[in-house]
Amino acid sequence: MAKPQGNRVKLLIGTRKGAFTLTSDPVRSTWNLEGPLYLGHIVHHYMVDPRDANSQVMAMKAGHLGPTVFYSKDAGKTWKESSKPPQFPKAPEKSGTPDPDKSLSEMTESTKGDQTGKEGSADGAKDGSAVDLVFWLTPGHESQPGVWYAGTAPPGMFITTDGGDTWAPVDGFNKYCETSDGLHGEGATPGGQLTHSILIDPRDAKHMYVSISVGGTFETTDAGATWTPINKGIQADFLPDPDTPYGHDPHFVVMHPQNPDRLYQQNHCGIYRIDRPDAKWVRIGDNMPKEAGDIGFPIVVHPHDVDRAWVFPMDGTEVWPRTSPGGRPAVYETKDGGSSWHRHDKGLPAEHGYFTVKRQAMCADAAVPLGLYFGTTCGEVWGSLDEGASYNCLVRHLPEIYSITATLD
Amino acid sequence: MLVHIPSPLRSYTKGASKVDADGASVDELLNHLDKQFPGIKFRMIDEQSRMRQHIKIFVNKETVETVKAPLKSADEVHIICALSGG
């Protein structure tokens, strides 16, 4: 085995109760935990900017309070709250006078909230969407310093051009969701509909893929002005129409950094791969061992090998326990683009390990050999320094882990 | 007028549990609070001017349902984070 190069790895950890950092020594043998930052706040995503390691952004919420974003320009030493967090446009104030420019059907639609009590209310409150939580953060294209994208629930997409201080709606995406049946739900399955996996083609800043849980994956080639579903081949066995163009449930989609035409997807209904310009996903999870199945949340690719990827299966049977299948947690690896998968459980609990790993809570570093890390629903961070073959518990007793990002310090 | 700030929002008020703010309505009061303590309003009121699910505002011990509720200068306002969850 090659000796690790001299890089300290820092893991940025977002949890249900605050943020932490876990930093290694130069050979990744000892780890130092720091934090918590913002104890008690829900940190859905904690990211570093690969274009500028001093730039970090956190998507946050508190149990009683609305969503917000914090950003740092000095590698996490100090933080500021966004002066304008992601928010949908204000709906027009309602009045008692009918708007002559509105059709009857539009007026009926706009008053629906009053009847359900969910949106709009008496006495001047407004219809219209409100961001419930900021779930996802993606640094922008290499050519666009300061640009980040955010994904929200209900499904929405937002952009900042100043490193996280002020955010504006990506109107093309948000209008597409609002005007498409079933893409603007709130409080659906656990966690509800969420925008996630915002992927930017390193060859073209205008070419992006975005996914919505219980919504599907969508592509734009004009910087978000227009969108096209790209879900052919993905199963949706929970829907009455399995051939629907969207409505699928991607859990996590990743673009290979060296071959942006190769996408992998961990879906509610299996593991998939697509090689653009193909328009149809292939279910590579069919090649997983049957006892593990191919349900899970995260999927991680090897940054230098387009055919290598890792998943962390969970129990998706019957009522969806969302625990490690059989109480025996394991990482599964493919080295051939999903034609075959190999179980790795060395160091992990051999039995009675009933945790799982959420969609942003698994990542790789860029060191040699590659380090692979995952955080669990019971607050443990596990790391592999041999490219996913064996694991050590790096820290335990943290709150439920929502996201892990690795950066070389 | 006197405004009582609940503990989850005191990071904005530098720890103060009581602050002064003015306004002829709850919305104006919250705007004045936001001027003094940037960001505090959006944590309580969403972009459609609706109170967030776990926020309650009391004026002189009476709960108000809308930010359009009127205020008088002698009123006392309590912002409450509803006890919920675990």
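Is Lys14(B) buried or exposed? Lys14(B) is exposed, with 8 other C-beta atoms within 10 Å. Keep in mind as you read on that this is a predicted model.

**Two residues with positive phi**

Lys14(B) makes a good starting point, since its phi is positive, about 55°, although it is not a glycine. Its place is the loop between strand 1 (2-4) and strand 2 (18-20) of chain B. Ser49(B), also not a glycine, has a positive phi of about 65°. Ser49(B) sits in the loop between helix 2 and strand 3 (55-59) of chain B. Ser49(B) is buried, with 20 other C-beta atoms within 10 Å, whereas Lys14(B) is exposed.

**Where the chains meet**

Between the chains, 19 residues of chain B contact 19 residues of chain A. On the chain B side, helix 2 (residues 40-44) gives the most, with three residues. By class, that side of chain B holds seven nonpolar, six polar and six charged residues.

**The cores**

The largest nonpolar core has 97 residues, and the members that touch the most others are Leu11(A), Ile13(A), Met58(A), Val69(A), Ala150(A) and Ile404(A). Take Met58(A) as an example: leaving aside residues up to four places away in sequence, Met58(A) touches Gly14(A), Ala19(A), Val43(A), Tyr46(A), Val69(A) and Phe70(A). Another core, of 21 residues, lies apart from the largest one, and its members include Leu29(B), Val67(B), Val77(B) and Ile79(B).

**A helix with two sides**

Which residues of helix 3 (residues 171-179) of chain A are buried? They are Phe173(A), Asn174(A), Tyr176(A) and Cys177(A). These four lie on the same side of helix 3 of chain A because they cover an arc of only 160° around the axis. In an α-helix there are 3.6 residues a turn, so residues three or four places apart point the same way. On the other side of helix 3 of chain A, Asp171(A) and Thr179(A) are exposed. The buried residues of this helix pack against strand 10 (156-160), strand 11 (167-169) and strand 13 (208-212) of chain A.

**Strand 18 and its partners**

Strand 18 (residues 270-275) of chain A is mostly covered, with five of its six residues buried. It pairs with two strands of chain A, as the table shows.

| Partner of strand 18 of chain A | Sense | Bridges | Residues in the hairpin connection |
|---|---|---|---|
| Strand 17 (residues 262-267) of chain A | antiparallel | six bridges | two residues |
| Strand 19 (residues 282-283) of chain A | antiparallel | two bridges | six residues |

Two bridge partners help to locate these pairings in the structure. Arg262(A) is partnered by Asp275(A) in strand 18 of chain A, while Tyr272(A) stands opposite Arg283(A) in strand 19 of chain A.

**Cis peptide bonds**

The peptide bond from Ala153(A) to Pro154(A) is cis, with omega near -5°. Pro154(A) belongs to the loop between strand 9 (148-153) and strand 10 of chain A. Val368(A) and Pro369(A) are also joined by a cis peptide bond, with omega about -5°. Pro369(A) is in the loop between strand 24 (362-364) and strand 25 (372-375) of chain A.

**Confidence in chain A**

Chain A has an average pLDDT of 90, and 89% of its residues score at least 70. Over residues 97-125 of chain A, however, the pLDDT is below 50, and this stretch has 22 contacts in the model beyond near neighbours in sequence. Where pLDDT is low, the predicted coordinates should not be read in detail.

Terms used: Residues are numbered from 1 along each chain as its sequence is written. Chains are lettered from A and ligands numbered from 1 in the order in which they are written. This is a predicted model: local features need pLDDT of at least 70, side-chain atom pairs count only at pLDDT 80 or more; totals for chains, interfaces and linings use all residues. Two residues are in contact if their C-beta atoms, placed from the backbone, lie within 7 Å. Ala, Val, Leu, Ile, Met, Phe, Trp, Tyr, Cys and Pro count as nonpolar, Asp, Glu, Lys and Arg as charged, and the others, Gly among them, as polar. A nonpolar core is a set of buried Ala, Val, Leu, Ile, Met, Phe, Trp, Tyr and Cys residues joined through C-beta atoms within 7 Å. A residue is buried if 20 or more other C-beta atoms lie within 10 Å of its own, exposed if 12 or fewer, and partly exposed in between; C-beta atoms are placed from the backbone. The arc is that of the directions from the helix axis to the C-beta atoms. pLDDT is the predictor's confidence in each residue, from 0 to 100. Two strands pair if DSSP finds at least two bridges between them.
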